[in-house]
Amino acid sequence: DTYGIEITSAYGKYKLAGSNPDDFPKIPVPDPEDDKLTVSALSLSRGVSKTIFAASNDELRPAMTGVYFQVDFSKLILVATDAHKLVKYTFQDVSSEVSTSFIVPKKALNLLKGILPEKEEVQLSFNPSNAFFSFGDTELVCRLIDHRYPDYNAVIPVDNPNTLTLGRADFQNSLRRIAIYANKTTNQVILNINEGSLTISAQDLDFSNEATEQLACTYDGDPLNIGFNAKFLVEMLGVLESEEV
C-alpha cells in the first residue's frame, strides 16, 4: 500500500521508501509514421565524438547547445559550433528515405556515446519533438531542441587560396609548448606562414614571457601572419586522426 520496499539478507534487513509508479513521467513512444533512418553504431559514435566538444554551453543560444543532425537520404551531416569553433562531420553509410534536420541536446548524445555498441546498426526515428535511438535491447529517447540552427555554411570559407600542409602531431605538440608562454586570457599564438616554413610564436607582455618555434611545412599561397587561440587549435587537432592536416 505504501510502495515501501524491504530487502532481507543474511546480514540484516533494509527498508526503503517507494513512490507511486503512476507518478513516473510517461515515456514517449515512436509513431510508426515517424521519419526513420538506419546508421551504423560505429559511424554514429565517431560522428558524435568528433562534434560534441564544439557544442556551446551558452543557454542564451539554445540551438548551439546541441548537435545539428542534417539527414539527406543516404548522407548524414553532424554540425556543432559555439561561435568560436565549428565542426561539420559527414558520413555516407546511412539508409533513409527522408531529407530533414533536427537538433539533439548535448547531454543525450553524451549518454548515447557511452552505450553505443561497436558492431550493430542504430535505428533512429524522430518527430518534431523527440528522437528515438534504438539498438539491441536498448532504447534512448530524448527531447529535441526546438530552435532554428544558424546557417553554418555561411561561415565556412569557399575558394580559400591559402593551403598549409604539415604533420598533425608536430603542430599540436608545438602549440602546446608555445601556449605556455601566451597571454593566459587570450591564449593567442601567431603563425607566420611562408613557403616551406611555419613559425609559431607567442608572448605575454605582463610577465615578459615569449617563445618561438619553427616547423617544416608545405604552403601554397601568399606569405601570411595570422593569430589564433591555441586552446581551440589544440582541441581540434586532438579530434583529427590523420598524420597530416
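The exercises below, each with a worked solution, concern a predicted model of one protein chain.

Residues are numbered from 1 along each chain as its sequence is written. In this predicted model, local features need pLDDT of at least 70, side-chain atom pairs count only at pLDDT 80 or more, totals for chains, interfaces and linings use all residues, and side-chain values use heavy atoms, with hydrogens and water left out.

**Exercise 1. Overall form**

Task: Determine how the radius of gyration of the protein chain stands against that of a compact globule of 245 residues.

Solution:
- Step 1. The radius of gyration is taken over C-alpha atoms, and the globule rule is 2.2 Å times the number of residues to the power 0.38.
- Step 2. For 245 residues a compact globule would have a value near 18 Å, whereas the protein chain has 24 Å.
- Step 3. Along the principal axes, the C-alpha atoms fill a box of roughly 75 × 50 × 35 Å.
- Step 4. Of the 245 residues, 37% are buried, where buried means under 20% relative accessible area with a 1.4 Å probe, protein chains only.

**Exercise 2. The sheet containing E4**

Task: Establish the strand order of the sheet that contains E4, and state which helices contact its strands.

Solution:
- Step 1. Helices (H or I, at least four residues) and strands (E, at least two) are DSSP runs, numbered from the N terminus; the protein chain has four helices and 17 strands.
- Step 2. Two strands pair if DSSP finds at least two bridges between them. The open sheet of four strands reads E6-E5-E4-E8, with antiparallel pairing.
- Step 3. Strand E6 (86-91) and strand E8 (99-105) are the edge strands, each pairing on one side only.
- Step 4. Strand E4 (residues 66-72) and strand E5 (residues 75-81) are joined by five bridges, and Asp72 stands opposite Lys75 in E5.
- Step 5. Helix H1 (residues 41-51) packs on this sheet and touches E4, E5 and E6, its direction making about 170 degrees with that of E6. Contact means heavy atoms within 4.5 Å; axes are lines fitted to C-alpha atoms, for helices over the stretch in contact, and angles run from 0 to 180 degrees between N-to-C directions.
- Step 6. Helix H2 (residues 106-115) lies across E4 and E8, at about 90 degrees to E8.

**Exercise 3. The sheet containing E14**

Task: Describe the sheet that contains E14 and the helices lying on its strands.

Solution:
- Step 1. The order of this open sheet of four strands is E15-E14-E13-E17, with antiparallel pairing.
- Step 2. Its edges are strand E15 (209-216) and strand E17 (224-229), and the twist averages 20 degrees from one strand to the next.
- Step 3. Eight bridges join strand E14 (residues 197-204) to E15; Asp204 has Asn209 in E15 as its bridge partner.
- Step 4. Helix H3 (residues 168-179) packs on the sheet, touching strand E13 (188-194), E14 and E15.
- Step 5. Helix H4 (residues 230-239) lies across E13 and E17 and runs at about 85 degrees to E17.

**Exercise 4. Nonpolar cores and Asp82**

Task: Identify the residues that touch the most other members of the largest nonpolar core, and decide whether Asp82 is buried or exposed.

Solution:
- Step 1. A nonpolar core is a set of buried Ala, Val, Leu, Ile, Met, Phe, Trp, Tyr and Cys residues joined through side-chain atoms within 4.5 Å.
- Step 2. In the largest core, of 34 residues, Leu44, Phe69 and Phe133 touch the most other members.
- Step 3. Beyond residues up to four places away in sequence, Leu44 touches residues including Val39, Phe91 and Leu112.
- Step 4. Another core, of 19 residues, lies apart from the largest one and includes Leu198 and Val234.
- Step 5. Asp82 is found in the loop between E5 and E6. Asp82 counts as buried because its relative accessibility is 14%.
- Step 6. Leaving aside neighbours within four places in sequence, Asp82 is in contact with Ala54, Ala55, Ser56 and Met64.

Definitions and conventions:
Buried means under 20% relative accessible area, exposed over 50%, partly exposed in between (1.4 Å probe, protein chains only).
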